[in-house]
Amino acid sequence: MGLYLGIDFGTSGARAVVIDQQGSIQHQARYPFAMSSDSNLARDWQVALFSLLEHIPRNVRQEIQAIAIDGTSSTVLLCDPVGNPVSTPLLYNDGRGAIVLDKLKSVAPPNHTVLSATSSLAKLLWMAQQPDFTQARYFLHQADWLAFLLHGQLGISDYHNALKLGYDVEVLEYPEWLEKLQIPIHLPKIIAPGTPVAEISPEIAVKFCFPKNCLICAGTTDSIAAFIASGAKLPGEGVTSLGSTLALKLLSRTRVEDARYGIYSHRLGDLWLTGGASNTGGAVLRQFFTDAELERFSREIDGTKASDLDYYPLLKAGDRFPINDPNLPPRLEPRPDHPVEFLHGLLESIARIEARGYELLQQLGTDKLSCVYTAGGGAANDTWTEIRKRYLQVPVVRPLHAEAAYGSAILAMRGIRE
């Protein structure tokens with residue numbers, strides 16, 4: 001029996017899903033991230049990856065034909081010639097690249113995706129100014145480096161992860177303006193997501209009892225993996241990932257890019273996956289409520305009625321979409337005494353940001369929104385779904401498969417079948 005493994009590295013943890021050729025789940029595993037210092041990030045990722053592999057039963061591992069990994073978009077790191085990280089990875093929402101935006105604006109086209117403080121290219125230019133940059137030879141995204149740990153090939157990425165590095169996903173090459181920056185480092189070789197990169201390294205195959213011809217495929221980003229998992233495939237269908245952050249993706253026949261609003265388009269077959277990601281989301285909710293409180297208080301909210309509270313829920317200053325402002329302050333006042341009222345205001349405010357995101361995409365030329373699939377932990381909150389329906393004015397449905405890891409498993413299966 002041929003099996004396929006998808007691994008998702010999100011913001012709160014890592015997950016693994018093994019599927020068979022019919023798409024049925026054969027095994028699942030989860031590894032929550034513990035709080036640790038940023039300097040240990042890469043080590044923590046490696047521990048999480050190998051722990052997930054160990055958790056898969058040996059008889060299942062022995063049947064896995066292909067593996068694909070997704071990671072958070074614009075989470076990046078520098079590596080030395082043998083793949084060791086030379087500095088602390090920068091996470092998806094790290095905005096220190098703001099200091100190089102003037103330089104980028106002088107080179108990149110107006111309103112390009114890279115013109116954001118959190119873009120991969122902005123992070124790379126910031127890294128290039130640091131003393132340890134002289135030790136670096138490769139610039140990789142999170143998913144690239146994790147896949148390297150399995151196949152041993154350095155300097156390979158996919159065009160989903162590379163979009164915010166400036167890679168032109170329409171003509172499938174690095175643009176001339178990017179080459180003019182003359183960054184003294186190996187930019188990744190870019191291939192299509194799901195493309196087999198190499199067989200699993202002999203050491204990993206032996207250690208974890210994988211077939212020696214198991215293929216490691218190019219990965220994708222976590223929100224695109226969630227979109228693939230949802231089963232959405234028609235123009236006008238959207239997927240909202242309600243995890244630690246809020247990510248929107250709308251399938252469209254028209255490509256839309258506008259860095260003023262943090263909007264970008266990924267290539268997905270013959271269509272475009274247009275969207276953006278906000279720093280609001282579940283991480284803000286967990287700052288104030290436990291999971292048990294979220295469940296209990298949500299049941300006390302009437303989702304058909306509007307809250308009078310108008311928040312912009314953020315953990316810290318700065319958002320990317322639908323407002324792209326690294327200095328945007330959180331708005332969490334006034335805070336009512338009753339926690340149910342406070343939660344109602346937070347859920348409603350995040351739903352308002354989601355609706356504004358989809359409205360903006362359509363204003364800029366995408367297909368009209370027809371329905372929204374919901375991925376992530378927030379998909380299980382029925383009260384939140386009721387509130388979101390009120391704002392979105394289209395059907396809001398929970399897909400059969402909401403885990404990004406399932407989407408990566410589908411990507412691995414497609415990669416070796418095509």
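## Helices and the model

Helices, taken here as DSSP runs of H or I with at least four residues, are numbered from the N terminus. The structure is a predicted model, and the salt bridges and the sheet described below are read from that model.

## Salt bridges

The structure holds 16 salt bridges, and one of them joins the side chains of Glu295 and Arg299, with a distance of 3.5 Å from N to O. Because Glu295 and Arg299 are 4 residues apart in helix 10 (residues 291-299), about one helical turn separates them. Glu295 is exposed, with a relative accessible area of 51%, and Arg299, at 59% relative accessibility, also counts as exposed.

A second salt bridge connects the side chains of Asp310 and Arg352, at 3.0 Å from N to O. Asp310 lies in the loop between helix 10 and helix 11 (339-363), while Arg352 belongs to helix 11, so this pair ties together parts that are 42 residues apart in sequence. Asp310 counts as partly exposed at 43% relative accessibility, and Arg352 is partly exposed as well, with a relative accessible area of 26%. Elsewhere, salt bridges that share partners join Asp8, Arg15 and Glu403 into one network.

Within this network, Asp8 forms a salt bridge with Arg15, and the closest N and O atoms of the pair are 3.8 Å apart. Asp8 counts as buried because its relative accessibility is 4%, which falls under the 20% cut-off; Arg15, at 17% relative accessibility, counts as buried too.

## The sheet

An open sheet of 6 strands runs in the order 3-2-1-4-10-9, and its pairing is mixed. Strand 3 (25-32) and strand 9 (196-199) stand at the edges with a single partner strand each, so one side of each has no neighbour in the sheet. From one strand to the next, the twist averages 20°.

Strand 1 (residues 3-9) pairs with strand 4 (residues 64-71) in the parallel sense, over 6 bridges. Asp8, the residue that forms a salt bridge with Arg15, stands opposite Asp70 in strand 4.

## Helices on the sheet

Helix 1 (residues 41-55) packs on the sheet and touches strand 1, strand 2 (13-20), strand 3 and strand 4, its direction making about 150° with that of strand 3. Helix 13 (residues 404-417) packs on the sheet too, where it touches strand 1, strand 2, strand 3, strand 4, strand 9 and strand 10 (215-221), and the direction of helix 13 makes about 135° with that of strand 1.

Note on methods
Residues are numbered from 1 along each chain as its sequence is written. This is a predicted model: local features need pLDDT of at least 70, side-chain atom pairs count only at pLDDT 80 or more; totals for chains, interfaces and linings use all residues. Side-chain values use heavy atoms; hydrogens and water are left out. A salt bridge is a side-chain nitrogen of Lys or Arg within 4 Å of a carboxyl oxygen of Asp or Glu. Buried means under 20% relative accessible area, exposed over 50%, partly exposed in between (1.4 Å probe, protein chains only). Helices (H or I, at least four residues) and strands (E, at least two) are DSSP runs, numbered from the N terminus. Two strands pair if DSSP finds at least two bridges between them. Axes are lines fitted to C-alpha atoms, for helices over the stretch in contact, and angles run from 0 to 180 degrees between N-to-C directions. Contact means heavy atoms within 4.5 Å.
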